Amino acid sequence: MQFLQSFVYFPIRFLRINHNHYQNQTSIAKHLLYYDITCFRHMSQSTSIPKKQQRVRDHGYDNYMEVYKKIRKVLKFQDLILSQPNHTICMSRLDILARRFDFKQYEAGAFILKFPHVFEIYEHPVQRILYCRLTRKATLQIEQENQALQAQIPDATIRLRKLLMLSKTGRLRLEHIRIARLDFGLPEDFEFSVILKNPQFFRLFDAEETRSKYVEVVNRDPSLAVCAIGKLREKEYRERGIDAENIRFSFIVNFPPGFKIGKYYKIAVWKWQRLPYWSPYEDVSGHDLRSLEAQKRMEKRAIATIHELLSLTVEKKLTLERIAHFRLAMDMPKKLKEFLLQHQGIFYISTRGNHGKLHTVFLREAYQKGELIEPNELYLARRKLAELILLSPRKAAVDLDLFESGRDREDNGRREIGRDGVQNSHVGFMFEHKLGMDGGQEEDSSLETGTLGIDGEKEEDLGSETGGDSDFTGEESDLVETSDEDDVHC
């Protein structure tokens, strides 16, 4: 029995030993293969742009967004004040309404006091409570911006046509355009002043599936199907004489300071710059997009689409969330932030302005030292609001003191003119009476009376206007009231 048992268990033991030996051999082979692969990867790197890159900050754009954060809050308070009757609002009511802007109690008044060149707090002459209104400079800035907005409506019409032509179906949701209307320079009533007023260009209709309004371009104008980057390439070719083949599909690349560029990354960018792609205005529905080369061309086409979308804006910037509204209509990838971080030399994504919740995409080639290279009237009008916000509060106090002292000097000068006018009018009258009684020195007296007569007429007019010392005090109070009324209208 023992012999049989040993004979039966012998093959099982042999199989176990062979199995363990096979596992050890395969594990050693796997480790050797992994070592060879890792060594090969370290020795030769890829010459393609990496999919994930770390964002490098550019403090010039971040500082711009810090100012823009203040502008957004100031614009909210401006709209709130302008919506009130007489464009004035009580401070207690303003503090209550500011809760919708995430302001706590008494924070609205402290915020307004930081910008004395935009907001003015005064005491109501009858109710004796504090009111808030816009300053004269802020009112002039709003008027200038509205004039610039109305003057560039023809250009805004062209921008809207090109925006619709970027869509693969030629239509976009009206709500998405309404959200980004300020970025594209469209007026508040653009649905009537731009779309319905130009039926030869646009068509407004309700979709049956989504029950929302859509805007559709009537016909695609080939003359408008020219990208902004194409015009820049032509300009570079004509002015600098650069080889047309080298810049035929390339973009202007300007990396942020501190961006590390290695040898293999330079090769990858050089290859990507010469990769051909289809125009954003071109219909690609008839092309076979399943190959790897076609997918690379579509990715570069998406970069060109975002580049053209930013070029159509007034300030050459747009939030990432608003770009995502046009993602499906313009064949953009899903992960837009990671996609744009691959090309930090063309775009810059700033997270400043809303506690990191807002991502603003800038077109780097359009800016230089924090300003647009080719500014427009609407951009300059909006920039004046930023200048008013950045002015020091001390300068506002100095301007107010100078204004009040100048008004006091003007009032004192008018008092002196009124008194001198009354006295000089009596002297001239007495002098003429003496000349009439004496009757001598006709030639000299005629000259003197002539000059004094002219001065006397002027002084009598001034005396009649001022009405003497007793009447002037009443007019002075009227003058102060009219100046206060002017400040209210400002």
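In this predicted model, the hairpin of β5 and β6 has 6 residues between its strands, and one of the residues there to look at is Arg211, which takes a positive phi near 60°. The two strands of this hairpin, β5 (residues 202–206) and β6, run antiparallel and are joined by 5 bridges. Within that pairing, Phe205 has Tyr214 of β6 as its bridge partner.

Strand β6 also pairs with β4 (residues 171–173), again in the antiparallel sense, this time over 3 bridges. Here Leu172 finds its bridge partner in Val215 of β6. As for burial, β6 spans residues 213–217, and 4 of these 5 residues are buried, so the strand is largely enclosed by the rest of the structure.

Further along the chain comes another set of strands, β7, β9 and β8, which make an open sheet in that order, with antiparallel pairing. Strands β7 (317–319) and β8 (347–350) sit at the edges, each pairing on one side only. From one strand to the next, the twist averages 25°. Strand β9 (residues 360–363) runs antiparallel to β8, and 4 bridges hold the pair together; among the residues involved, Tyr348 has Phe362 in β9 as its bridge partner.

Two helices lie across this 3-stranded sheet. Helix α2 (residues 59–82) crosses β7, β8 and β9, running at about 45° to β8. Helix α11 (residues 292–311) lies across those strands too, with its direction at about 90° to β9.

Key:
Residues are numbered from 1 along each chain as its sequence is written. This is a predicted model: local features need pLDDT of at least 70, side-chain atom pairs count only at pLDDT 80 or more; totals for chains, interfaces and linings use all residues. Side-chain values use heavy atoms; hydrogens and water are left out. Buried means under 20% relative accessible area, exposed over 50%, partly exposed in between (1.4 Å probe, protein chains only). Two strands pair if DSSP finds at least two bridges between them. Axes are lines fitted to C-alpha atoms, for helices over the stretch in contact, and angles run from 0 to 180 degrees between N-to-C directions. Contact means heavy atoms within 4.5 Å.
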